[in-house]
Amino acid sequence: MHSSPALPPRPAFLAGGFVLIIALVILTSASVDVWAANNDVIRSERTTLTIGRVSGNPRKHAGRLTAFGEYLAHRLEGYGPTGTDIVLDANPETILTRAMRGEIDVISETVFTASRLVNTGAMEIALLEWKRGVQRYRTALIVRKDSDIETLTDLRGRTLAFEDPGSTSGFFLPYLEIMDAGLEMSPMDKGDPRPELVRYVFANSEVNVVGSVVRGRADVGAISETDLNDPEVMTERFKPQLRVFHLTQWVPRSVLLVRRSMDPALKSKLREVLLGMHEDDAGRRVLDRYFDVGRYAEVDAQSRLRLEQIRKAVQARHGS
């Protein structure tokens with residue numbers, strides 16, 4: 001695999017300054033956390049199940065996580081129907097830190113952030129998560145119809161609009177494949193004058209990525225393939241002006257992770273409950289509310305191989 005520099009630092013609004021944390025504790029009985037020498041948490045008198053999420057809108061998402069956690073806790077031995085803690089944070093780095101402390105039991109994430117969580121050693125991928133009817137997805141690189149760009153090598157000296165630095169399909173997947181194609185990338189604001197570089201910016205939303213390409217502010221845009229048929233992203237006005245010139249490899253759409261140090265019996269029971277949620281009326285209602293999850297599935301061999309490839313790539317380029 002082509003050697004490449006570490007991923008760029010996160011913008012200031014992700015690196016610090018604005019940190020938003022909500023801890024919603026619904027159980028009144030106390031829990032005791034005992035730290036082991038290896039930093040694993042031994043849950044003594046543990047009576048809560050902690051659900052985590054990276055979220056820029058905690059007020060909106062708290063209810064979804066609460067309902068999800070209460071459904072699971074009600075069906076797990078030793079937990080009551082309200083034995084749930086919720087941890088929401090706008091900053092992925094804070095979620096990583098809290099996971100390393102053993103403060104998160106269950107979390108759903110896309111592959112990029114999931115890989116970082118696995119690389120901490122504190123979390124492990126338990127199941128695949130179908131979202132909005134999609135088991136796997138990939139990135140579509142789009143250009144204007146009159147563009148002369150046909151392959152990745154044509155990107156030398158061009159500008160590319162990504163979504164945001166925490167996005168799997170809107171950043172990491174295309175970044176990885178472009179670098180592996182032998183090209184060198186640099187943030188636009190770095191001001192590196194070398195003509196062979198692929199320069200990039202973050203547009204902060206899929207709609208802005210598409211608009212940047214249509215208006216000529218960027219030569220190429222990176223969006224999820226699922227967005228190609230989303231009329232709110234590829235509007236009737238924009239769609240006829242664009243074409244796809246490259247699709248990345250597939251990755252699972254989303255995964256569910258559990259705390260690695262969780263008791264094996266509890267971990268097994270939790271998997272059993274999650275795998276059966278879509279077959280239960282109450283479970284389906286919770287999943288619909290929980291970010292349009294259709295069902296949970298075992299990690300098949302092909303997905304496991306792809307997840308391991310991405311994990312290693314994230315570790316090599318991001319350090320965690």
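**Exercise 1. Start of α3**

Task: In this predicted model, find which backbone nitrogen a side-chain oxygen of N91 reaches at the start of α3, and then follow the helix to its far end.

Solution:
- Begin at N91: one of its side-chain oxygens comes to within 2.9 Å of the backbone nitrogen of E93.
- Next, walk along the helix, which covers residues 92-100, and pick out its buried positions: P92, T94, I95, L96, R98 and A99.
- To read that list, remember that an α-helix has 3.6 residues a turn, so residues three or four places apart point the same way.
- Finally, step just past α3, where G102 has a positive phi of about 80 degrees.

**Exercise 2. S108 and its surroundings**

Task: Work out whether S108 is buried or exposed, and say which side chains make polar contacts with the side chain of S108.

Solution:
- Locate the residue: S108 sits in strand β6.
- Check its accessibility. The relative value is 2%, and the cut-off for buried is under 20%, so S108 is buried.
- Now look for polar partners. The side chain of E129 is one, at 2.7 Å, and the side chain of Y290 is another, at 2.9 Å.
- Widen the search to contacts in general, skipping neighbours within four places in sequence: you get G52, R53, E129, V255, L256, Y290 and Y296.

**Exercise 3. The six-stranded sheet**

Task: Give the strand order of the open sheet, then explain why β11 and β14 each have one side without a neighbour in the sheet.

Solution:
- Trace the strands across: β11-β12-β10-β13-β9-β14, with mixed pairing.
- Look at the two ends. β11 (185-187) and β14 (242-247) are the edge strands, and each has a single partner, so one side of each has no neighbour in the sheet.
- Ask how neighbouring strands are turned: on average by 35 degrees against each other, ignoring direction.
- Zoom in on β14 and β9 (residues 139-144): they run antiparallel and are joined by five bridges. For R144, the bridge partner in β14 is L242.
- Add the helix. α6 (residues 206-214) lies across β9, β10, β13 and β14, at about 155 degrees to β13.

**Exercise 4. The largest pocket**

Task: Find how much space lies in the largest pocket and which elements supply its lining.

Solution:
- Start with the volume, which is about 1,400 Å³.
- Go to the centre: among the 42 lining residues, R53, V54, K131, E163 and D164 are the closest to it.
- Sort the lining by element. α1, β4, α2, β6, α5 and α8 each give at least two residues.
- Pick the biggest contributor: α2 has the largest share, with three residues.

**Exercise 5. Positive phi outside glycine**

Task: Say where in the chain N204 and D292 lie, given that each has a positive phi without being a glycine.

Solution:
- Recall the background: most residues other than glycine have a negative phi.
- Take N204, with phi of about 75 degrees. Its place is the loop between β12 (198-202) and α6.
- Then take D292, with phi near 55 degrees. D292 is in the loop between α8 and β17 (293-297).
- Check exposure for D292: its relative accessibility is 39%, so it counts as partly exposed.

**Exercise 6. The whole chain**

Task: What do the helices and strands come to, and what percentage of the residues is buried?

Solution:
- Tally the elements: nine helices and 17 strands.
- Turn to burial: 51% of the 320 residues are buried.
- End with the contacts at a separation of 6 or more: 76% of them are between residues 24 or more positions apart.

How values were computed
Residues are numbered from 1 along each chain as its sequence is written. This is a predicted model: local features need pLDDT of at least 70, side-chain atom pairs count only at pLDDT 80 or more; totals for chains, interfaces and linings use all residues. Side-chain values use heavy atoms; hydrogens and water are left out. Buried means under 20% relative accessible area, exposed over 50%, partly exposed in between (1.4 Å probe, protein chains only). Helices (H or I, at least four residues) and strands (E, at least two) are DSSP runs, numbered from the N terminus. A polar contact is a pair of N or O atoms within 3.5 Å; within protein, one must be able to donate a hydrogen and the other to accept it, and residues adjacent in sequence count only if both atoms are side-chain atoms. Two strands pair if DSSP finds at least two bridges between them. Axes are lines fitted to C-alpha atoms, for helices over the stretch in contact, and angles run from 0 to 180 degrees between N-to-C directions. Contact means heavy atoms within 4.5 Å. On a 1 Å grid over the protein atoms alone, a cavity is a set of points where a 1.4 Å probe fits but cannot get out, and a pocket is an open set with protein on both sides within 12 Å along at least five of seven lines; lining residues have an atom within 4 Å of a point. Grid points are joined across faces, edges and corners, and a volume is the space filled by probe spheres set on the points.
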